[in-house]
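This briefing covers a structure through its ring pairs, a helix packing and a few individual residues. The notes are grouped by topic.

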Amino acid sequence: MNALEVLRFAVRGLAANKMRSGLTTLGILIGVAAVILLVAVGEGSSQAITQNIQRLGANTLTISSNTMGGGGGGGGVRMAAPQQDSGPRTQAKGLTVADARALADKTGAPSVRTVSPVVAAQSQAAVYEGAGHTIQQLIGTYPAYFDASNKPVASGSYFTNDDVLAARKVVVIGRTVAENLFGTLDPIGKRITIGGVPFTVAGVLKEAGSAGFQDADDVAIAPLPAVQQSLTGFGPLGQVIVQATSAETVDAAESEVTSILNARHGISGMAAADYRVFNQAALQETVSAAMGTFTVLLGAVAAISLLVGGIGITNIMLVTVTERTREIGIRKAVGAPRGAILGQFLAEATMLSLVGGLLGVAVGVLGSQFTIAGVQPVLVPGSIVLALGVSVAIGLFFGGYPAGRAAKLRPIEALRHE
Amino acid sequence: MSGRPEDVPPVLDVRAVTKAYGRGDALVRALRGVSLTVDRGDYVAVMGASGSGKSTLMNILGCLDVPSTGRYLVDGTDAGALDERQLSILRNRKIGFVFQSFNLIPRMTALANVELPLAYGGLKAGERRRRALAALSLVGLADRTRHEPNELSGGQQQRVAIARALVTAPALLLADEPTGNLDSASTRDVLNILDQLSMAGRTIVMITHEDDVAGHAKRILRLVDGQVVEDRRRSPVAGPPPKLAGVTA
Ligand SMILES: Nc1ncnc2c1ncn2[C@@H]1O[C@H](COP(=O)(O)OP(=O)(O)OP(=O)(O)O)[C@@H](O)[C@H]1O
Ligand SMILES: [Mg+2]
């Protein structure tokens, strides 16, 4: 009785009970696919949130004025500063370029790498040779802004410090703006007018995708004085973006920034500040912690579905073997060695759980290609291995163990089994 | 016994076998010291009241069960001294067992059921098929090879079971009430087959309640309360079975 023969017996055994074999396979399939998909959805949403946060820029502090109606720019995210009271004050000062310069001072703020003052003008009409587009947000700033806010150019170049000093009218536009104004043309070097003022396109930003309800690609970025001169005037800044020297120094940079601004704005003791510092890293930490909880929760749900699936497999395997104890007795009576019987049942269990498991992996992988509830699932290889491994192991054990016990019975005991 | 050359061991040699089921209050002594030998070519009917221990004895003879005490030799080998693997080979090669309740494997064709012992015996598929078909036509079922047990009558199922027991050409054919579940026509078919096998020199031991059936055997054993109380020879071991004696004479 060779292995091939045993395998053929197993196939025949499965074919003899098509319905049960099918249902067992289906049960394993669903269990495995559910675990893979569940983990993939969890991972997908976790990654999406992390990406959204990272898109705002790494290691940065966003300082905005506390007196203005809205401060204008930014990613639409605002956080309360440590100071509790944020009511209007008579002596409140706006943020100025001088404030920004003070923050860039290496002796006062050693943890600060770059400082980018920002003014923003909303809904600016841009025109190129008859094509028009309303740019959601025109930002005037320094070149360091691109790195600090994580906005690399895809083609063309950034503007330079020279451009800032000379208040040149150059602009780097987002993907949406480029598409609406130029279509398939190359925008680099072309002249457009924004709010009636001519600008030369220096570069096009890399596509960022939409962050929440805002299209992050519907922007244009120009040198600060150029925007102030032509569009916003020389009033207070909307924001100052401060980039820390490293991820570890963000908190140090925050306290340096706070003490410099407190000194410059005459804020001391209990008095409420007239600005807010929004710490990117702090938000990221909070979200990471929340995501950790979320992942644990999903993992628990996945583990439970695996457990339930496993109990299902166990059940069917036990019933199968118990029901077939008589058959085992007959096989023994005609001279089947224990090994051949055990081999057959093990092979049956392996085939059922492997086929079911692999189909489950296929369904899980296929399903994760689709967007589920607004989340693009991301496959986690570990979950595939775990789900497949656990279901196959359960199938093997609960198919093999009772079969082994039945094969050990004396033929007459197995035959008398009801 | 008589006329047996000393160097040929009997097919069956049962020595002071007892079998007890359960323990304490529930102890049942099904066999209380049975000794008997069966020579090659004999055709034995075992009779006795219900509960006298016939099936218990038969299961021990078929190596499906083990005695509580005593020794049992098949073809000269001590079954009690064999390990699990050797026992399965013994069951496969030397013994063919026919059950009262057929015990065919459901959802497997008659042919596959008959091939089963050959498969465990390690025969090649072609040879297996050839011999299984031969055994099936011997029991008159050449036209039912593709049927599954639930598509066969009781008599046909029992004939498939006999074909399965015969297909390995075992030294010993054991049948526990082979006609117990059959009508008179099917009974006649099955007994005919057994007579033919006996005629061909096969050793047969069968259990029956019916005197008619026992009348086919060369020798009749009677069991009472787990002991052999009567051992009657009706025709010689070497000759044809009684029902065929007239035909050949
Ligand atoms: N597995 C068992 N457990 C306990 N007692 C048993 C078992 N098998 C048989 N017995 C008992 O052993 C005795 C002999 O049983 P056995 O089956 O050998 O009788 P039998 O002669 O074949 O009867 P029948 O003609 O009704 O088939 C009976 O009293 C029976 O109750
Ligand atoms: Mg009986």
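In this predicted model, ring pairs join A:Phe146, A:Tyr158 and A:Phe159 into a cluster. Over all chains, the whole structure holds seven aromatic pairs. One of them runs between A:Phe9 and B:Tyr120, with ring centres 5.5 Å apart and planes at 75°. That angle is over 60°, the cut-off for edge-to-face, so the pair of A:Phe9 and B:Tyr120 is classed as edge-to-face.

**The pair between chains**

- The pair crosses from chain A to chain B: A:Phe9 belongs to helix H1 (residues 3-16) of chain A, and B:Tyr120 to helix H3 (residues 110-120) of chain B.
- A:Phe9 has a relative accessibility of 5% and therefore counts as buried.
- B:Tyr120, at 7% relative accessibility, also counts as buried.

**The pair within chain A**

- A:Phe146 and A:Phe159 make an edge-to-face aromatic pair, with 5.3 Å between centres and 65° between planes.
- This pair links distant parts of the chain, its two residues being 13 residues apart.
- A:Phe146 sits in helix H4 (residues 144-148) of chain A, while A:Phe159 sits in the loop between strand E4 (153-156) and helix H5 (161-165) of chain A.
- Both A:Phe146 and A:Phe159 are buried.

**Surroundings of A:Phe159**

- The relative accessibility of A:Phe159 is 2%, so this residue counts as buried.
- Beyond residues up to four places away in sequence, A:Phe159 touches A:Thr141, A:Tyr142, A:Pro143, A:Phe146, A:Val164, A:Val170, A:Val172, A:Ile221, A:Ala222 and A:Pro223.
- One of these touched residues is A:Val172; the C-alpha atoms of A:Phe159 and A:Val172 are separated by 7.5 Å, and the two residues are 13 residues apart along the chain.

**Packing of H1(A) on H11(A)**

- The axes of H1(A) and helix H11 (residues 338-367) of chain A come within 8 Å of each other and cross at roughly 60°.
- That crossing angle makes H1(A) oblique to H11(A).
- In handedness, the crossing of H1(A) and H11(A) is right-handed.
- H1(A) contributes A:Val6, A:Leu7, A:Phe9, A:Ala10, A:Val11, A:Gly13 and A:Leu14 to the contact.
- From H11(A) come A:Ala340, A:Gly343, A:Gln344, A:Ala347, A:Glu348, A:Met351 and A:Leu352.
- Sorted by class, the contact of H1(A) with H11(A) has ten nonpolar, three polar and one charged residues.
- A:Phe9 is part of this contact and is also one partner of the ring pair that crosses between chains.

**A:Met351, in helix H11 of chain A**

- A:Met351 is found in helix H11 of chain A and is partly exposed, with a relative accessible area of 24%.
- Leaving aside neighbours within four places in sequence, A:Met351 is in contact with A:Leu7, A:Ala10, A:Val11, A:Leu14 and A:Gly356.
- A:Met351 and A:Gly395 are 44 residues apart in sequence, with their C-alpha atoms 9.3 Å apart.

**A:Arg324, between two helices**

- A:Arg324 lies in the loop between helix H9 (280-323) and helix H10 (325-333) of chain A.
- With a relative accessibility of 5%, A:Arg324 counts as buried.
- Outside its neighbours within four places in sequence, A:Arg324 is in contact with A:Gly13, A:Arg20, A:Gln344, A:Phe345 and A:Glu348.
- Among these partners, A:Gly13, A:Gln344 and A:Glu348 also take part in the contact of H1(A) with H11(A).

**Positive phi in chain B**

- B:Ala16 is not a glycine, yet its phi is positive, about 50°.
- B:Ala16 is found in strand E1 (residues 12-21) of chain B and is partly exposed, with a relative accessible area of 41%.
- B:Asn103, likewise a residue other than glycine, has a positive phi near 55°.
- B:Asn103 is placed in the loop between strand E6 (95-98) and H3 of chain B, and its relative accessible area of 6% makes it buried.

**Chain A overall**

- The secondary structure of chain A comes to 13 helices and twelve strands.
- Chain A has 418 residues, of which 45% count as buried.
- Of the contacts in chain A between residues at least 6 apart in sequence, 78% join residues at least 24 apart.

Conventions. Residues are numbered from 1 along each chain as its sequence is written. Chains are lettered from A and ligands numbered from 1 in the order in which they are written. This is a predicted model: local features need pLDDT of at least 70, side-chain atom pairs count only at pLDDT 80 or more; totals for chains, interfaces and linings use all residues. Side-chain values use heavy atoms; hydrogens and water are left out. Rings of Phe, Tyr and Trp (its six-membered ring) pair if their centres lie within 6.5 Å; planes under 30 degrees apart count as stacked, over 60 as edge-to-face and the rest as tilted. Helices (H or I, at least four residues) and strands (E, at least two) are DSSP runs, numbered from the N terminus. Buried means under 20% relative accessible area, exposed over 50%, partly exposed in between (1.4 Å probe, protein chains only). Axes are lines fitted to C-alpha atoms, for helices over the stretch in contact, and angles run from 0 to 180 degrees between N-to-C directions. Angles under 35 degrees count as roughly parallel, over 145 as roughly antiparallel, 65 to 115 as roughly perpendicular and the rest as oblique. A crossing is left-handed if the near helix is turned anticlockwise from the far one by less than a right angle, and right-handed if clockwise. Contact means heavy atoms within 4.5 Å. Ala, Val, Leu, Ile, Met, Phe, Trp, Tyr, Cys and Pro count as nonpolar, Asp, Glu, Lys and Arg as charged, and the others, Gly among them, as polar.
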